[in-house]
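User: I would like to go through this model and ask, for several of the labels attached to it, what justifies each of them.

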Amino acid sequence: MRYVADVATLTRKDLRVELRARDTLPAMLLFVLSTLVVFHFALPQGTGDEAAYGLLWVAIVFTALLGLARAWVPEHEHGVLDALVLAPCDRSAIWLGKALATLAFLLVAQAVALPAFVLFFAPLDATAVVGVLLADIGICAVGSLMAAMAAASRSREVLLPLLVLPLAIPLVVGGVGAAISPEGSRYLLLLLLYDGVFAVLSWASFEYVVTETT
Amino acid sequence: MIEGRGLEKRYGRKRVLASVDLHVPAGGFALVTGANGSGKTTLLRLLAGLAAPSAGSLEVGVDRSRIGYLAHDPLVYRELTAMENLELYGRLYRVPERKERIGMLLERFDLWAARNESVSAYSRGMTQRLALCRALLHEPDLLLLDEPYSALDAAGAVLLDRELAMLADGAERTLVVTTHDPERLEPLARQRLALA
């Protein structure tokens, strides 16, 4: 119960910081919309829906990266991470709070992006939408951990995509598969499995990312 | 309370703290002095558990939930108000009668009138006073203060003098303070450590 209260406190704090600073969400919204507009004009006439679904995933992954790149900036700019690490809450609660806040931003961005995709490109069925939601959870879980690692580095803008993109490949495969395959539910299972495994791994390893043990 | 022997800290090849022995009993007040780059901040980070020694042994006889830490950075969110920052830490530390405690600290450090202003609008001195409120919020047993007078104006420094005198009176509270101005704290200090 105490853990849930700590996660809720930390998530609420992240949402409040974003509400005041407006650094992340507007950038994500503008990026995903402008990317879809560019793709709309870049894709040749008569190209099949499959190519459009692939482009949707390019937009989703890079929008998530944009959000993740900003995720730990308030903590690192003012050294706040030290204070959070010293607080008597389970350190994984810091990761989970950040992952949930980033997920909230990504869901808002997609609430705009998915209708825009339907308008510009092709319809999305329920399986495809569930695929997007499951992939969002996976990206935010693993991405929040990688972003915490990258944030401690001077070259974080370069490091973050290098860390996240290889790990996002199964999510892209699962998401595109859920949208175009007649057996989309099998891809949803893949995404579910990925979310479970990587959420547990990220939850368990966050403490070692933010503390010094040697 | 604190027992350190042969403490050393290296970052790669660079040694930032060399062979420090430290003994501070419970209720002690240790003054750590030294030139820039002598390792004062590193020593406090070791004591806070934010860094691990590269060599030597260190025993800090309190749980991390009982440590109050004032760093060079204020460790507060600039986007939030003073009240929201202290509410956040008050919740994480499970401070009993949180609102009353926050109100009392803000009054004591002369920040009550600015409690609902964003920290980004604060002067450096106000931010330092808020950082002190944050470090004291949960009434820690071990208080680690890194250059607490930095950025404080004369009035702020007097407030801190009064506060430290009160804190040093608490028999169970241990303080370790780094400073460039040892004369100011000399009357309160019971242990002294000069880092080379």
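The exchange below takes up the contact between the chains and then some individual residues.

Analyst: Please keep in mind throughout that this is a predicted model.

User: How do you know that B:Arg45 forms a salt bridge with A:Asp82?

Analyst: The closest N and O atoms of B:Arg45 and A:Asp82 are 2.6 Å apart, and the rule asks for a side-chain nitrogen of Lys or Arg within 4 Å of a carboxyl oxygen of Asp or Glu, so the pair qualifies. Across the interface of chain B and chain A, the rule finds four salt bridges, and the count of residue pairs in polar contact there is 12, with both residues at pLDDT 80 or more.

User: Which elements of chain B supply at least two residues each to the side that touches chain A?

Analyst: They are strand 1 (2–11), helix 1 (40–48) and helix 2 (82–92) of chain B, with helix 2 giving the largest share, five residues. That side of chain B divides into 16 nonpolar, two polar and 10 charged residues.

User: What is the area buried between chain B and chain A?

Analyst: It is about 2600 Å², of which carbon and sulfur atoms give 60%. In chain B, the residues that lose the most area to chain A are B:Arg64, B:Tyr77 and B:Leu92, which together account for 28% of what that side buries. The contact takes 28 residues from chain B and 28 residues from chain A.

User: Why is B:Ser65 called buried?

Analyst: Its relative accessibility is 17%, and buried means under 20%, so B:Ser65 falls within that class. B:Ser65 lies in the loop between strand 4 (55–60) and strand 5 (67–70) of chain B, and, leaving aside residues up to four places away in sequence, B:Ser65 touches A:Pro88, B:Tyr93 and B:His138.

User: What makes the pairing of B:Ser65 and B:Asp63 a polar contact?

Analyst: Their side chains are joined at 2.6 Å, which is to be set against a limit of 3.5 Å for a pair of N or O atoms, so the distance satisfies the definition.

User: Are A:Arg22 and B:Glu147 buried or exposed?

Analyst: A:Arg22, in the loop between helix 1 (2–21) and helix 2 (25–42) of chain A, has a relative accessible area of 60%, and because exposed means over 50%, A:Arg22 is exposed. B:Glu147, in the loop between strand 6 (142–146) and helix 5 (154–169) of chain B, has a relative accessible area of 10%, which is under 20%, and B:Glu147 is therefore buried. Phi is positive in A:Arg22, near 50°, and in B:Glu147, about 50°, although B:Glu147 is not a glycine.

Definitions and conventions: Residues numbered from 1 in each chain as written. Chains lettered and ligands numbered in written order. Predicted model: local features only at pLDDT ≥ 70, side-chain atom pairs only at ≥ 80, totals over all residues. Heavy atoms only, no water. Contact = heavy atoms within 4.5 Å. Buried area = accessible area lost by both parts, 1.4 Å probe. Polar contact = N/O pair within 3.5 Å; in protein donor to acceptor, adjacent residues only side chain to side chain. Helix = DSSP H or I, 4+ residues; strand = E, 2+ residues; numbered from the N terminus. Nonpolar A, V, L, I, M, F, W, Y, C, P; charged D, E, K, R; others polar. Buried < 20%, exposed > 50% of the residue type's maximum accessible area, 1.4 Å probe, protein only.
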